[in-house]
Each structure stands twice: as C-alpha cells, then as structure tokens.
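User: Could you take a close look at one part of this model for me, starting from a single residue in its core? I would like to see how its surroundings tie into the rest of the chain, and I'm happy to read a long answer.

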Amino acid sequence: MSVYNFCAGPAMLPAPVMAKAQSELINFDGLGVSVMELSHRSKSFLAVAETAESNLRDLMSIGDDYAVLFTHGGARAHFSAIPQNLLAAADCADYLVSGQWSEGAAKEAKKYCQVNAIDVQGNLEKLKALSQGQGRYLHYCPNETIDGIAIFDEPNTTQPLVADYSSCILGRNIDINRYGLIYAGAQKNIGPSGLAVVIVRRDLLCGAQPQTPSILDYQVLDAKESMYNTPPTFAWYLAGEVFKWLKAQGGVAAMEAMNREKAALLYDFIDSSDFYRNGVDPSHRSEMNVPFQLANAELDAQFLLEAEQGGLMALKGHRSVGGMRASIYNAMPIEGVKALVEFMKRFENRNT
Ligand code: PMP
C-alpha cells in the first residue's frame with residue numbers, strides 16, 4: 001500500500017530524494033563516510049553547500065545583490081533576527097496579521113522594535129485598501145500554514161517587504177526583486193527541520209542591534225558564507241538534493257502548475273459536497289495547506305482512523321483549529337491528492 005503523508009511539517013520529501021539520500025547515507029561521494037560525518041570545511045561539503053546555493057539562486061532567479069543564508073533555528077529564529085538585523089530598537093515596522101504565524105512574528109518582533117500591527121484576520125478584503133505604511137519594512141506571511149490562508153499578491157507598498165515563506169517557498173514563481181527579505185523554515189518545501197533559509201537584499205543590512213547573537217547576525221553569516229559556526233550540514237545537503245530534484249522537474253513553474261492542479265482537485269471536491277467544508281475566501285485559499293471540516297465533527301476521529309488505515313497519514317487539523325488539514329506541498333504527487341479525494345468520497349457515501 002502506498003502511504004501519502006499530509007503532515008504540515010516536517011512534511012514529506014520527494015521520494016527520489018529520499019532514495020538517493022539512503023543510497024549514499026554511509027558512503028558519500030565514494031569517501032566511505034556519511035555526508036553528516038564530514039567537516040563543514042572539507043572540499044566535499046563545500047561543494048555540496050555551493051551547489052545548493054547556486055541551484056536555489058537559479059530556481060528563484062536571485063541576483064548577487066541578495067545574500068542567501070543557510071541558518072539554524074527554523075523560521076522562528078528569524079522572527080527575532082529580522083527586526084534585530086533590519087532596524088534599531090526605536091524604529092517601527094509594520095506587521096500584517098493574517099493568521100497565527102504572522103501574529104507570532106509580530107509578537108516576537110515587539111521585543112526588538114516598535115510594531116504597528118495591521119490586523120486583517122476575518123476580513124481579507126482590507127488587504128485591497130492597504131496603503132503605504134510608516135514602518136521601516138512591512139512583514140507579512142504569504143501562506144498561513146495553520147489557517148490555510150494565502151496572500152498571493154504582494155502588498156501594495158514601496159516599503160521593503162519582508163515575508164515568511166516557510167510553507168510556500170518554491171511552490172509558485174515570485175519576483176524576488178519585489179522583496180527586501182524572505183525567509184523560510186526548511187521542513188515543508190525544502191528539507192529537514194532545523195534549517196532555515198534567508199534571502200536578503202544586502203543593502204538593507206547596515207549593522208545589527210548590539211545584542212544580536214552572532215549566529216543570527218546576517219552580516220556575519222553573509223561574510224562567513226553561513227559557516228560562522230557549524231551549520232546543520234545534513235539538512236543543507238538534503239536541501240541541495242531537493243533543489244536538484246526541483247530543477248529536474250522543470251523548476252518552480254512546473255511546481256506551480258502542479259500545485260494549482262492539486263489544490264483545485266481538492267477544493268472543487270470539497271465545494272461540491274455538503275459533507276465537507278472549507279471556510280476560507282476562495283481568492284485566498286492556500287494551495288499548500290487545505291484545512292477542511294466535516295459537517296458532523298463527531299465523525300472526525302473515525303475519518304482520521306480510516307484515512308490512516310488507508311495510507312493517508314497526518315490529516316488531523318492543527319490543535320487550535322480542529323477538523324482536518326491536508327498539506328500538499330511540492331513533494332506530494334497528484335496521485336496522493338486523488339487518493340485523498342477518492343477516500344473522502346467513499347467516507348461520505350458510507351456516512352450519509
Ligand atoms: N512560519 C510559518 C508560516 C510556519 O508554518 C511555521 C512552522 N509551521 C513557522 C513559521 C515556524 O517554523 P519553525 O518551527 O521552523 O520555527
């Protein structure tokens with residue numbers, strides 16, 4: 001039986017990447033040792049690191065005016081690092097709050113700067129009226145992983161945009177030049193957890209706040225090519241394998257087409273049924289995380305049990321939302337989404 005893993009993160013990784021990693025796990029590059037046992041300064045690992053970065057630059061058309069940093073600490077490390085690197089404590093930044101993750105980012109930033117929170121939760125129409133803010137940058141989250149809410153169009157402002165791309169990086173083409181900084185925890189569309197990627201316009205880095213830990217100081221990381229201290233080498237290697245796989249699939253454009261198709265399949269089915277529902281405004285429905293509820297929540301446990309028995313893993317919604325959530329990142333093949341829809345149909349038929 002095939003198993004499809006719908007976990008929101010750590011999420012499934014492409015099957016060919018996992019098979020390759022397994023095949024070279026204890027003998028990398030003919031060296032007789034694992035990549036995770038190599039010095040981060042060895043020739044072999046430096047080649048891994050450089051190839052990963054250059055492939056990511058290719059995939060996202062990132063120019064030399066941007067630093068690409070491979071860091072520790074997941075995305076949350078950057079909730080703290082971003083204000084410390086981009087402004088002084090007395091400065092103000094605008095934070096668009098569209099769901100739980102952007103709310104978390106705004107809360108953390110308050111420790112390091114003045115925060116002007118712009119709450120659009122429950123009324124995404126407000127996004128259209130967004131005008132130029134006063135803050136040194138505008139932070140937002142284009143894909144709220146928990147709420148299943150996407151903001152597809154960049155906010156209409158000339159302030160530097162700072163965006164938490166944790167759950168949608170490489171899922172759609174974006175113009176990086178519209179952004180001052182984007183960051184992402186790796187464990188959805190990039191690789192294993194613990195690693196985060198930061199892409200930042202170098203001219204925005206004009207000295208971090210004095211208390212900033214050196215491991216989160218972007219200028220230090222840039223100068224040391226993300227090796228100020230020992231980086232998460234295995235995660236970096238695996239991210240590099242994911243980037244190679246993405247290129248072989250046709251790059252981000254191919255992912256974007258496939259992600260649209262997968263999401264449409266699932267939302268169309270949900271909309272056609274009275275048994276399931278998704279309450280997100282259709283123009284802001286995430287293509288990566290699809291939360292849905294059963295009309296009768298008493299059937300939730302049975303749904304999850306039978307799904308699991310049928311090889312459909314980790315469909316339980318976030319504890320704060322309840323119901324279900326299907327995360328369908330780049331690595332999820334369309335067959336997985338088809339299997340889910342077929343299961344949902346059968347479950348509905350058996351329970352109505
Ligand atoms: N931002 C978003 C949008 C996320 O989905 C997550 C994790 N689910 C985070 C931030 C936090 O990431 P991490 O656990 O890597 O710190």
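Analyst: Let's settle one term: two residues are in contact, or touch, if their C-beta atoms, placed from the backbone, lie within 7 Å. Please also keep in mind that this is a predicted model.

The residue I picked is leucine 266, which sits in helix H7, residues 251-272. Is leucine 266 buried or exposed? Leucine 266 is buried, because 22 other C-beta atoms lie within 10 Å and the cut-off for buried is 20 or more. Leaving aside residues up to four places away in sequence, leucine 266 touches Val290, Ala326, Val337, Leu340 and Val341. One of these partners, leucine 340, is 74 residues away along the chain, yet the two C-alpha atoms are separated by 8.3 Å.

Two other partners take us into a sheet. Valine 290 has alanine 326, in strand S14, as its bridge partner, and both Val290 and Ala326 are touched by leucine 266. Strand S12, residues 289-294, and S14 run antiparallel and are joined by four bridges. They belong to an open sheet of three strands with the order S11-S12-S14 and antiparallel pairing. Its edge strands, each pairing on one side only, are S11 (276-277) and S14 (324-327). Strands of a sheet pair through backbone hydrogen bonds, either parallel or antiparallel.

Stepping back, which domains does the assignment give? Domain 1 covers 29-249 and domain 2 covers 251-350. Their C-alpha centres lie 27 Å apart. The two are in contact through 22 residues of domain 1 and 23 residues of domain 2. On the side of domain 1 that touches domain 2, the elements giving two or more residues are helix H2 (43-60), strand S7 (149-150) and helix H6 (233-249). H6 supplies the largest share of that side, with three residues. Sorted by class, that side of domain 1 has ten nonpolar, nine polar and three charged residues.

Now for the ligand. Which residues surround the ligand? The answer is Gly9, Gly74, Ala75, Arg76, Trp101, Cys141, Thr145, Asp164, Ser166, Ser167 and Gly185. Helix H3, residues 74-86, gives the most to this shell, with three residues. The class make-up of the shell is three nonpolar, six polar and two charged residues. One of the shell residues, arginine 76, has its place in helix H3 and is partly exposed, with 16 other C-beta atoms within 10 Å. Aspartate 164, in strand S8, is buried, with 28 other C-beta atoms within 10 Å. With residues up to four places away in sequence set aside, aspartate 164 touches Ala75, Trp101, Ser102, Ala105, Cys141 and Tyr183. Among these, Ala75, Trp101 and Cys141 also surround the ligand.

The strand that holds aspartate 164 has partners of its own. S8 (residues 161-164) pairs in the parallel sense with S5 (residues 138-140) over three bridges, and three bridges also join S8 to S9 (residues 181-185), again running parallel. Valine 162 in S8 stands opposite histidine 139, and its bridge partner in S9 is leucine 181.

The UniProt record, an unreviewed entry, is useful to set beside this picture. Its "binding site" annotation covers Ala75, Arg76, Trp101, Thr145, Asp164, Gln187, Asn229 and Thr230. These positions span 156 residues in sequence, and the farthest two C-alpha atoms are 30.2 Å apart, so they do not all gather at one spot. Ala75, Arg76, Trp101, Thr145 and Asp164 appear both in the annotation and in the shell around the ligand.

The same record, in an unreviewed entry, lists residues 3-340 for "domain: Aminotransferase class V". Over that stretch the chain is 33% helix and 17% strand, and its end C-alpha atoms are 11 Å apart. The start of the stretch, valine 3, lies in the segment before strand S1 (4-5). Valine 3 is exposed, with 12 other C-beta atoms within 10 Å. Beyond residues up to four places away in sequence, valine 3 touches Gly311 and Met313. The C-alpha atoms of valine 3 and glycine 310 are separated by 8.0 Å, although the two are 307 residues apart along the chain.

Notes: Residues are numbered from 1 along each chain as its sequence is written. This is a predicted model: local features need pLDDT of at least 70, side-chain atom pairs count only at pLDDT 80 or more; totals for chains, interfaces and linings use all residues. A residue is near a molecule or strand if its C-beta atom, placed from the backbone, lies within 6 Å of it. Ala, Val, Leu, Ile, Met, Phe, Trp, Tyr, Cys and Pro count as nonpolar, Asp, Glu, Lys and Arg as charged, and the others, Gly among them, as polar. Domain bounds come from an automatic or database domain assignment. Two strands pair if DSSP finds at least two bridges between them. UniProt positions are given in the numbering used here, feature names are shortened, and annotations may be inferred rather than shown by experiment.
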